[in-house]
Each structure stands twice: as structure tokens, then as C-alpha cells.
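Trainee: I should like a close look at the largest pocket, please. By class, which residues make up its lining?

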Amino acid sequence: VPGDKSISHRALLFGAISEGTTTIDGLLPAEDPLSTAACLRAMGASISPIRAGEIVQVEGVGLDGLQEPDDVLDCGNSGTTMRLMLGLLAGRKGRHFVLTGDSSLRRRPMHRVSQPLAVMGATIQGRDAGNFAPLAVQGQPLRGAVIGTPVASAQVKSALLLAALTAEGSTSVIEPAQSRDHSERMLRAFGADLEVGGELGRHILLRPGRSLRGQTVVVPGDISSAAFWLVAGALVPGADLTVENVGLNPTRTGILEVLEQMEAQIEVLNRRDVAGEPVGDLRVTHGPLKPFRFGEEIMPRLVDEVPILSVAACFCDGESRISGASELRVKETDRLAVMARQLTAMGAEIEEHADGLSIRGGRQLHGARLDSETDHRIAMSLAVAAMLAKGNSSLARSEAAAVSYPEFWSELERLRC
Ligand code: S3P
């Protein structure tokens with residue numbers, strides 16, 4: 001599977017504000033990281049072409065070296081790009097930035113970032129009092145602060161840590177539950193003065209003042225992309241599939257916990273550490289699956305895997321229940337509504353709740369006219385459902401997969417042979 005999307009964004013961003021060169025091996029060559037790279041280039045960072053299988057080099061401009069761009073910064077479909085950029089740019093004194101994105105991104109809530117950044121002194125304006133892009137950032141001197149984030153979101157946490165790098169005084173970020181910690185790991189590796197403490201790693205303290213130094217980053221395969229093959233491998237009769245070099249950071253492995261609960265046959269082979277992130281190979285073999293139940297507690301560890309898990313639920317006898325998942329409603333699409341709508345069109349028995357789904361599995365799904373509704377993870381989840389359904393399906397807007405996994409359709413074709 002291609003490189004981890006979260007780690008790819010961070011390697012580009014941290015490399016751009018470091019001293020010297022950052023070398024990235026395994027960067028995800030997909031639309032979302034390309035949006036981050038384009039924004040950074042527009043502000044003066046030099047980034048070599050991003051092509052599959054090629055090492056990417058970033059020439060950093062230093063902590064305060066990003067220039068005012070002469071046009072709007074386009075974040076495309078990428079929430080991570082926009083939210084992390086807000087934190088990166090808020091403290092660039094005297095410089096002005098405008099951030100926008102596609103129609104999905106312009107509907108996604110940005111208050112969760114702009115409001116805590118305002119506590120540090122940021123000036124961010126936009127529709128609905130700074131909630132929706134296009135957003136204008138007028139760079140200001142920032143002050144460090146103690147900030148409790150309203151949601152367990154790595155995008156919010158990372159935006160605050162980026163702002164904290166050039167603020168006056170230290171910043172503490174306290175999360176309601178631990179979200180993915182790639183920023184903490186990578187910022188420390190780049191030389192930031194960052195401590196993680198408190199119950200279950202929920203308090204992060206960053207003291208400004210240290211410059212970052214360019215590093216070599218090795219990006220593991222994305223467990224969120226592997227998830228489609230893990231579910232497909234568990235469901236397709238006779239399948240025996242190994243997905244190599246998958247990132248197994250414990251803040252991301254909720255999917256494995258749920259697949260274990262379903263009694264899927266999954267083995268982790270060759271566990272190792274690569275450049276500060278745990279990695280392994282995942283072997284899955286076909287076998288019967290049990291229904292699952294999961295809620296708020298596990299959500300940060302599998303937030304992007306709910307669509308494919310709702311497909312898995314359709315193919316096991318009994319009722320599965322997803323709760324505590326209201327965050328899914330503000331992703332690239334309202335993923336609870338879209339999965340309920342699309343799987344219902346295939347004959348699935350799904351009930352949508354405010355914060356989740358109930359799915360009665362075991363009914364044979366039939367082919368249907370499907371639509372990704374522009375969401376990459378929905379496109380790939382529906383592909384797995386369609387492969388297992390009786391009869392043919394068509395999928396409108398299938399090209400959405402390229403946001404995180406440009407080779408998905410050719411890989412699917414290869415695996416079906
Ligand atoms: C991401 C964090 C998550 C995740 C997204 C990537 C990141 O979003 O859904 O795909 O790279 O920080 P939230 O921070 O909104 O939970």
C-alpha cells in the first residue's frame with residue numbers, strides 16, 4: 001500500500017520549516033499530499049517532484065522563512081492541509097494568506113482550529129465567523145497558552161503545535177482522548193523541544209526557541225489504505241493476502257482490534273521500528289466473521305476505517321453497532337449518511353443514528369448504481385462491497401480514490417485475477 005497520508009503531510013510541512021534538507025522515502029504520491037506540497041512551494045519552499053517510487057527532497061526555509069504567497073493557497077480536498085496550514089501560518093507576523101479548497105473542504109468546520117488559535121492571538125477570518133473557508137489569515141505575534149481541545153483530533157492538535165513553534169512562551173495541548181501522535185514523534189525527531197505526559201499521553205508541552213533540522217523520513221504504508229484489503233481478504237473465499245510494510249502506530253490500529261473482535265484471521269509478521277514508527281506485514285486469510293460493537297473510546301484509533309468496517313458488517317450474521325462516531329459527519333462527506341444511503345441501495349439493512357450505524361448483516365447484497373459522493377474512502381469501501389455483491393455495480397465519481405490511493409483501481413484489478 002502507498003505511504004501513510006498523515007505522515008506524508010507532516011514530513012513535507014516540517015521539512016519546509018527546517019534548516020537544511022529533508023529526504024522523504026515513501027511519500028504518498030496522491031492528491032492530498034500534493035496539495036500540501038503546492039501550498040508550501042507557493043511560499044518559497046523547494047520540494048522536488050513527487051512521483052511514485054522516487055525519493056522526495058525538501059529544502060527547508062527555516063522556522064520563519066515562509067514568504068507571503070501572491071495568490072490564494074488551494075488545499076484541494078485536504079482537511080489536514082488546511083488545518084495544519086492555519087497553525088503554521090497564524091504566527092507569520094505581517095504576512096497575509098488566504099486558504100481555500102474544493103466544495104467539500106469549504107463545508108468542513110474550521111472553528112475547532114481557528115478558535116483555539118485565537119486564544120494564542122491569531123487573526124483568522126472567514127464565513128460564519130471564521131468557521132468556513134475561504135479563510136484569511138493575518139499573521140500575528142502569538143503567545144503560548146494552555147489549550148484543552150474540544151475534540152480528539154490530530155489535525156487540531158498538530159495545528160496548535162505548529163503555531164506553538166514560533167509563539168512567545170510554551171504551549172500545552174490537552175486532548176480529551178489521544179489522537180494519532182505522528183506530529184509529536186516527528187517534531188521531536190526534527191529537534192523540537194516537546195514533552196508528552198499526563199494520563200495516556202494526552203498532555204503535550206512544546207517550548208519554542210529551538211530551530212528544526214532537516215531529517216531523513218521513511219514513510220510506512222498507510223494502515224487506512226491497507227484496511228480495504230484486510231476486509232476484502234477476510235471476506236473473499238480462498239483469499240490469502242499479505243500487505244507488507246504497514247504502519248502499526250498504536251494510535252492507528254483500532255481496525256485490527258475490531259477485526260480481532262470479528263475473529264478475522266489476521267497475523268502480524270516481521271514487526272519492526274522504521275524511523276520512529278512501528279511497522280509490520282499483515283497477513284489475512286479468508287474465514288467467517290462475527291458482528292462487532294464499538295464506540296467512542298476506540299474512535300480516534302479507527303476514525304477513517306468506519307466506512308470499510310460498515311461494509312464488513314454487511315457480510316457477517318448478526319447485528320453490528322457503531323456508536324460515538326458523530327465526527328464522521330464532518331469528514332470529506334457525512335460518512336454515516338453516505339454509507340447508509342449507498343449500502344441501502346445494495347439491499348443492506350442499515351439504520352442510521354445521530355452518532356453511528358446499526359447494521360444487520362447476512363443478507364446477500366445485490367449490484368447497484370453507486371456513487372462515492374466525491375469521498376475517497378467511500379469509493380474504495382463501495383468497491384469492496386460491490387466485489388462481494390451478486391451482480392454488477394457501477395460507481396460514479398470513482399476517481400475520488402486518488403485523494404489517498406491513486407493505484408487503488410489497478411491494485412484491485414491485479415488482486416482479482
Ligand atoms: C488526520 C487526522 C484525522 C483523520 C484524517 C487525517 C491527520 O482527522 O481523519 O484523515 O493527518 O491528522 P481528525 O483530526 O479530524 O480526526
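Mentor: By class, the lining of the largest pocket holds 17 charged, ten nonpolar and nine polar residues; here Ala, Val, Leu, Ile, Met, Phe, Trp, Tyr, Cys and Pro count as nonpolar, Asp, Glu, Lys and Arg as charged, and the others, Gly among them, as polar. The model is a predicted one, in which local features need pLDDT of at least 70 and side-chain atom pairs count only at pLDDT 80 or more, while totals for chains, interfaces and linings use all residues. Residues are numbered from 1 along each chain as its sequence is written, and side-chain values use heavy atoms, with hydrogens and water left out.

The volume of the largest pocket is about 640 Å³. A pocket is an open set of points on a 1 Å grid over the protein atoms alone, where a 1.4 Å probe fits, with protein on both sides within 12 Å along at least five of seven lines; lining residues have an atom within 4 Å of a point. Points are joined across faces, edges and corners, and the volume is the space filled by probe spheres set on them. Of the 36 lining residues, Ala152, Ser153, Val303, Glu327 and Lys331 are the closest to the centre of the largest pocket. Two or more residues of this lining come from each of α1, α3 (79-89), α6 (154-164) and α10 (299-302); such helices are DSSP runs (H or I, at least four residues), numbered from the N terminus.

Two of these elements, α1 and α6, also pack against other helices. Helix α1 (residues 5-16) lies against helix α2 (residues 31-42) at an angle of about 10°, their axes 9 Å apart; axes are lines fitted to C-alpha atoms over the stretch in contact, and angles run from 0 to 180 degrees between N-to-C directions. That angle makes α1 roughly parallel to α2, a term for angles under 35 degrees. In this contact (heavy atoms within 4.5 Å), Lys5, Ser8, His9, Leu12, Leu13 and Ala16 of α1 meet Asp32, Pro33, Thr36, Ala37 and Leu40 of α2. Six of the contact residues are nonpolar, three polar and two charged.

Helix α4 (residues 111-119) and α6 pack at about 30°, with axes 9 Å apart, and are therefore roughly parallel to each other. Here Arg112, Val113, Pro116 and Leu117 of α4 meet Val156, Ala159, Leu160 and Ala163 of α6. The residues of this contact comprise seven nonpolar, no polar and one charged.

Terms used. Parallel < 35°, antiparallel > 145°, perpendicular 65-115°, else oblique.
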